[in-house]
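Biologist: I would like a close look at one part of this model, its pockets and what surrounds them. Please take me through it in a connected way.

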Amino acid sequence: MAGGNERSMKALKEVWKRAENSLCADCGKPDPDWASSTLGVFICLSCSGIHRNIPSISKVKSLKMDYWDDAQVQFLAKHGNAVTKAIYEAHIPIYYYQPTYNDCQVLREQWIQAKYERKEFTGPGKQLPYSDGVKEGILWKRGRDNGQFLPRKFFLSEREGCLKYFTKQDAKEPKISVKIDVINATFQPEKIGNPNGLQITYLKDNKTRNIFVYHESGKEIVDWFNAIRSVQFHYLKVAFPIASDNEIKNRLTRNFLKEGYMEKTGPKQREAFKKRWFTLDHRRLMYFKDPLDAFAKGEVFVGSGENGYSVQKGLPSGTQGNFSWHYGITIVTPDREYLFTCETETDQLDWIRAFTSVINQAMTPQEYASKCLDVVSF
């Protein structure tokens, strides 16, 4: 910490080590070492970069390298994360997605701007762009066959309980109409190749369908994301009237547990292993020839340990199929074994951890029902 008198340095350290300031006020990352001298919050390096984009509201400084005068230290002591959060996060809708340090830039950026710049959560009853049960606008959608992104009109309706998109703005009938309870949405900037890329998935005939979209405006795409969560929340409140708000919140949009390339072989386990893109969406393990495919080539249900499912490191002895990657994984189900290989041991261990986390969870009645439905051949 450069400069500053000893008393100010000591006082700053005292404020800094309070329990309330041990996590970043915006993303929850441990041990933040930056702070806003105008808002009074302790934040991580990554969030400090976002604060720099709202200089009229937030002035950020390093707690280790910058000089803090007495007045600034006293301001931090008077505020801190708990007091400031009580002001700027006083009325967050239950369905609003609050990102963590593991989430992408656009989610964290819009969360910080919504709090401090637009002050969306400071007062009750505010009319928010994602809270009125209807949203309509243009999103750039990737074509299923040609891979081109073209503008398409999307319409979300709480009253109708669905999301629609139209190939033309003046079209009377939608290309697709999807019930809100089978939709998931998750940000995929790297996979889609756009910082505002959103992957929308839904079930059609118990098979997963992917739609890849983006919008030039980070605010607009995050508003769409939270509008979907809002409509889902109110739909589920009606469908499950005795469920608590937190139980319903946990059933809204979810991030995939794990994605990446593995090699797989066929059901006879004698075919050559082929490189494919895999997505683990809770109990659905899907594989694609390309990460941006609209439909999975195959899906398998991953149940719980008490129902005969397990994951094992390595391949069964005598495996005959040719494979170029040598870090094997075997998924054991009541019906058969599924064999995969990973390029590195790190990938292998990451996938095993992901599978184990699913297998260790007890199955819900809804998951028992979905297990009985057909899945695509693996």
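How do the residues of the lining of the largest pocket divide into nonpolar, polar and charged?

Modeller: This is a predicted model, and in it the lining of the largest pocket is made up of 15 nonpolar, 13 polar and eight charged residues. The pocket itself holds about 1,300 Å³ of space. Of the 36 residues that line this largest pocket, Arg251, Arg254, His282, Gln366 and Glu367 are the closest to its centre. Two or more lining residues come from each of β8 (183-187), β9 (198-204), α7 (218-239), β14 (298-301) and α10 (365-371), and α7 has the largest share, with four residues. As for its place in the chain, the largest pocket lies between domain 2 (134-250) and domain 3 (258-376), because both domains give residues to its lining.

The second largest pocket contains about 430 Å³ of space, and 16 residues line it, those closest to its centre being Asn102, Phe187, Gln188, Pro189 and Glu259. At least two residues of this second lining are supplied by each of β8, α6 (189-192) and β11 (258-264), with the largest share, three residues, coming from α6. Divided by class, the lining of the second largest pocket has seven nonpolar, four polar and five charged residues.

Two of the strands named above, β14 from the lining of the largest pocket and β11 from that of the second largest, lead on to a sheet. Both β14 and β11 belong to an open sheet of seven strands, which is ordered β14-β13-β12-β11-β17-β16-β15 and has antiparallel pairing. At its edges stand β14 and β15 (310-313), each of which pairs on one side only, and from one strand to the next the twist averages 35°. Strand β14 is joined by four bridges to β13 (residues 284-288), the two running antiparallel, and within this part of the sheet Met286 stands opposite Glu299 in β14. Helix α9 (residues 345-359) packs on the sheet, where it touches β11, β12 (274-281), β13, β15, β16 (327-332) and β17 (337-342); the direction of α9 makes about 160° with that of β15.

To return to the pockets, β14 is thus an edge strand of the sheet and also one of the elements that give two or more residues to the lining of the largest pocket, while β11, which α9 touches, supplies at least two residues of the lining of the second largest pocket.

Notes:
Residues numbered from 1 in each chain as written. Predicted model: local features only at pLDDT ≥ 70, side-chain atom pairs only at ≥ 80, totals over all residues. Heavy atoms only, no water. 1 Å grid on protein atoms, 1.4 Å probe; cavity = no way out; pocket = protein on both sides within 12 Å on 5 of 7 lines; lining within 4 Å. Points joined across faces, edges and corners; volume = space filled by probe spheres on them. Nonpolar A, V, L, I, M, F, W, Y, C, P; charged D, E, K, R; others polar. Domains from an automatic or database assignment. Pairing = 2+ DSSP bridges. Axes fitted to C-alpha atoms, helices over the stretch in contact; angles between N-to-C directions. Contact = heavy atoms within 4.5 Å.
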